[in-house]
Amino acid sequence: MKNTLDKFNRPVRDLRISVTDRCNFRCTYCMPKEVYGESFKFLPRKELLDFNEIERIAQTFAKLGVNKIRITGGEPLVRKIIEELIQKLSNISGIEDIAMTTNGYLLESKLDSLKQSGLNRITVSLDSIDSKTFKKMSGQNFEVEKVLSAIKSANDKGFKNLKINCVVQKNVNEHSILDLLDYFRDSGNIVRFIEYMDVGNLNGWELKDVISIKEILEIIESKYKVKKLNENYQGEVAKRYILEDYSAEFGFISSVSQPFCSTCTRARITMDGKLVTCLFANSGIDLRKPIREGCSSEELDQIIKDVWIKRKDQYSEIRHELTKSNYKKIEMFQIGG
Ligand code: SAM
Ligand code: SF4
Ligand code: SF4
């Protein structure tokens with residue numbers, strides 16, 4: 001099983017599990033309020049994978065060579081007792097690293113239990129430290145201080161070198177680029193600037209709203225001298241930089257202007273058990289059905305292996321052809337980024 005490769009010779013190494021479609025934020029670029037308002041119907045509880053079902057899927061992926069798991073959503077911290085899932089996943093042989101991507105709003109009071117359950121790393125999505133922009137982009141009248149305080153406590157409780165993900169949108173939060181870098185200097189946390197992507201179908205994405213990493217770098221270089229760093233490991237998605245005085249590492253994730261499909265080793269599981277082999281896929285393979293119909297571990301292994309062997313996704317490399325057509329994608333909050 002371990003050396004299973006897809007059609008472009010890519011192994012599977014990372015598994016991203018979306019544990020809920022619900023979220024306490026309404027980020028304009030992900031779940032705009034106008035679409036995901038009071039009357040929007042999220043999935044009923046029984047349609048979500050339960051923790052035992054998620055564990056089974058993760059066990060198969062571990063056999064295929066996955067050693068890293070990321071818990072995401074929607075907002076993973078709105079899923080009740082998520083620590084129990086993390087505990088189960090951290091007991092799977094071969095899983096070396098469990099991370100979570102969160103908007104950070106509910107994080108602070110959960111830090112101890114998350115640590116005890118075996119969570120190794122945290123990424124906090126934070127688009128601005130300026131209260132007005134934070135409220136505008138998160139679509140809620142929430143205080144950014146609560147997220148900043150959670151990050152500080154996370155550092156104090158031993159979660160070091162958090163990744164702070166900032167989606168940059170033209171004419172919305174360019175000022176966050178230097179604000180965030182200045183704020184997190186000397187903290188060990190790593191700000192990563194993400195190009196605004198055309199995930200999903202409902203956020204009204206247009207290329208003119210994207211600020212490329214080249215432009216973001218120019219903004220940073222207007223204030224700081226920077227140096228490029230080597231990849232931590234082959235196929236690392238973020239491009240790494242450091243301020244010349246070594247006070248802050250930062251990075252870029254550039255799916256739009258510099259695609260990285262050739263080294264993409266990620267599989268994704270939606271909250272209702274679809275296996276999705278590309279962030280921009282328009283459908284997934286239902287794993288919940290065979291599991292609920294009582295398939296054996298060997299059968300589940302075979303289903304997942306067969307999907308990976310046939311995988312030939314490279315959306316970012318061929319985006320232009322696809323955006324011209326009426327290509328319909330899965331929404332970001334369903335697969336978790
Ligand atoms: N709710 C959690 C959070 O925000 O961290 C986890 C799920 S969220 C879908 C995962 C990541 O996707 C976040 O860092 C978010 O900023 C990013 N994201 C969502 N929509 C995006 C878009 N259109 N372009 C780029 N990144 C996006
Ligand atoms: Fe929620 Fe995360 Fe999407 Fe924002 S990016 S709406 S926090 S799922
Ligand atoms: Fe991987 Fe798809 Fe993103 Fe390419 S577009 S890097 S295949 S998830």
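A polar contact is a pair of N or O atoms within 3.5 Å. In this predicted model, one such pair joins ligand 1 to the backbone of G74: a nitrogen atom of the ligand lies 2.9 Å from a polar backbone atom of that residue.

Other backbone atoms also reach ligand 1. For Y29, a backbone N or O atom lies 3.3 Å from a nitrogen atom of the ligand. For T102, a backbone N or O atom lies 3.3 Å from an oxygen atom of the ligand. In total, 20 residues surround ligand 1. Those that come nearest are G74, T101, T102, S125 and M197.

Ligand 3 has its own set of neighbours. The residues around this ligand are F260, C261, C264, R268, C278, L279, F280, D313, Y315 and S316. By class, the shell divides into 7 nonpolar residues, 1 polar residue and 2 charged residues.

C264, part of the shell of ligand 3, is also a partner of R311. The side chain of R311 reaches the backbone oxygen of C264 at 3.0 Å. R311 lies in the loop between α9 and α10, the latter spanning residues 319-324. The relative accessibility of R311 is 3%, so this arginine counts as buried. Leaving aside residues up to four places away in sequence, R311 touches D6, K7, F8, R10, C264, R266 and T277.

Charged pairs were examined next. The structure holds 20 salt bridges. One of them pairs E53 with R292, with the closest N and O atoms 2.8 Å apart. E53 sits in helix α1 (residues 51-64) and R292 in helix α8 (residues 288-292), so the bridge ties together parts that are 239 residues apart in sequence. The two partners differ in exposure. E53 has 9% relative accessibility and therefore counts as buried. R292, at 41% relative accessibility, counts as partly exposed.

Helix α1 also contributes K63. This lysine forms a salt bridge with D301, the closest N and O atoms being 2.7 Å apart. Here too, distant parts of the chain are linked: K63 lies in helix α1 and D301 in helix α9 (residues 297-310), 238 residues apart. K63 is partly exposed, because its relative accessibility is 37%. D301 is buried, because its relative accessibility is 10%.

A further salt bridge joins K274 to D272, with the closest N and O atoms 3.2 Å apart. K274 has a relative accessible area of 26% and so is partly exposed. D272 is at 11% relative accessibility and so counts as buried. Elsewhere, salt bridges that share partners join D6, R10, R311 and D313 into one network. R311 of this network is the buried loop residue described above. D313 is one of the residues around ligand 3.

D14 presents another case. This residue lies in strand β1, which covers residues 14-18. D14 is buried yet has no salt bridge. The nearest side chain of opposite charge belongs to K68, 4.2 Å away. A salt bridge requires a side-chain nitrogen of Lys or Arg within 4 Å of a carboxyl oxygen of Asp or Glu, so a pair beyond that limit is not counted. The side chain of D14 instead makes a polar contact with the side chain of T265, at 2.9 Å. Apart from residues up to four places away in sequence, D14 touches V66, K68, T265, R266 and A267. R266 is touched by D14 and also by R311.

Conventions. Residues are numbered from 1 along each chain as its sequence is written. Chains are lettered from A and ligands numbered from 1 in the order in which they are written. This is a predicted model: local features need pLDDT of at least 70, side-chain atom pairs count only at pLDDT 80 or more; totals for chains, interfaces and linings use all residues. Side-chain values use heavy atoms; hydrogens and water are left out. Helices (H or I, at least four residues) and strands (E, at least two) are DSSP runs, numbered from the N terminus. Buried means under 20% relative accessible area, exposed over 50%, partly exposed in between (1.4 Å probe, protein chains only). Lys and Arg count as positive and Asp and Glu as negative; His and the chain ends are not counted. A polar contact is a pair of N or O atoms within 3.5 Å; within protein, one must be able to donate a hydrogen and the other to accept it, and residues adjacent in sequence count only if both atoms are side-chain atoms. Contact means heavy atoms within 4.5 Å. A residue is near a molecule or strand if one of its heavy atoms lies within 4 Å of it. Ala, Val, Leu, Ile, Met, Phe, Trp, Tyr, Cys and Pro count as nonpolar, Asp, Glu, Lys and Arg as charged, and the others, Gly among them, as polar.
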